Amino acid sequence: MDSHTPKIGQIVKVLRGRDPGEYAVVIGIVDHRFVWLADGDNRKFDQPKKKNLSHLQLQDKISSEVESSIRETGRVTNGKLRFAIAKFVDLLPVEAHNEKGE
């Protein structure tokens, strides 16, 4: 997998902006520089955040539930987004939980 090409359903860590250290899910790809993000909590599916890829750290995890839901219906529930992020964060090593952005 190319680590610089985001995929629908991919978990990302926000490095810069209002939510550094937070995780979100790619729900749309604008072009080679921007993606649409949502986390199902502060950033709902219907109000996604457009983010520059250089402000994100792509994670190795792609949520198959989110990816297939968007592919099949064109949308995903906020609960599914929250679940995908919570599942990913639970699998992180403990040190990463305390590592908030500056």
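How many aromatic pairs does the structure hold? In this predicted model there is 1 aromatic pair, and following its two members through the fold is a convenient way to become acquainted with the chain. The partners are Y23 and F88, whose rings meet edge-to-face, with 5.4 Å from centre to centre and 65° between the planes. The arrangement counts as edge-to-face because the angle between the planes is over 60 degrees. The pair also links distant parts of the chain, since Y23 belongs to strand 2, which covers residues 23–29, while F88 belongs to helix 2, which covers residues 78–91, and the two are 65 residues apart.

To place these elements, it helps to step back to the whole chain. The protein chain contains 3 helices and 5 strands, and their order from the N terminus is β-β-β-β-β-α-α-α. Of the contacts between residues at least 6 apart in sequence, 49% join residues at least 24 apart. Buried residues account for 35% of the 102 residues, and the accessible surface of the chain comes to about 6400 Å², with 49% of that area belonging to carbon and sulfur atoms.

Are the two aromatic partners buried or exposed? Y23 has a relative accessible area of 13% and is therefore buried, and F88, at 9% relative accessibility, counts as buried as well. In soluble globular proteins, nonpolar side chains tend to be buried together.

The interior can be followed further through the largest nonpolar core, which has 15 residues and in which I11, Y23, V66 and L81 have the most contacts. Strand 2, helix 1 (64–73) and helix 2 are the elements that each give two or more residues to this core, and helix 2 gives the most, with 5 residues. I11 shows how parts of the sequence come together here: leaving aside its neighbours within four places in sequence, I11 is in contact with Y23, A24, V25, L58, Q59, K61, A84, I85 and F88, a list that includes both members of the aromatic pair. Apart from the largest core lies another core, of 8 residues, among them V14, A24, V26 and V35.

One further aromatic ring deserves attention, and here the partner is a lysine side chain. K50 lies over the face of F34, at 5.0 Å from the ring centre.

Conventions. Residues are numbered from 1 along each chain as its sequence is written. This is a predicted model: local features need pLDDT of at least 70, side-chain atom pairs count only at pLDDT 80 or more; totals for chains, interfaces and linings use all residues. Side-chain values use heavy atoms; hydrogens and water are left out. Rings of Phe, Tyr and Trp (its six-membered ring) pair if their centres lie within 6.5 Å; planes under 30 degrees apart count as stacked, over 60 as edge-to-face and the rest as tilted. Helices (H or I, at least four residues) and strands (E, at least two) are DSSP runs, numbered from the N terminus. Buried means under 20% relative accessible area, exposed over 50%, partly exposed in between (1.4 Å probe, protein chains only). A charge sits over a ring if NZ of Lys or CZ of Arg is within 6 Å of the ring centre and within 35 degrees of the ring normal. A nonpolar core is a set of buried Ala, Val, Leu, Ile, Met, Phe, Trp, Tyr and Cys residues joined through side-chain atoms within 4.5 Å. Contact means heavy atoms within 4.5 Å. Accessible areas come from the Shrake-Rupley method with a 1.4 Å probe; for residues, only the protein chains shown count as cover.
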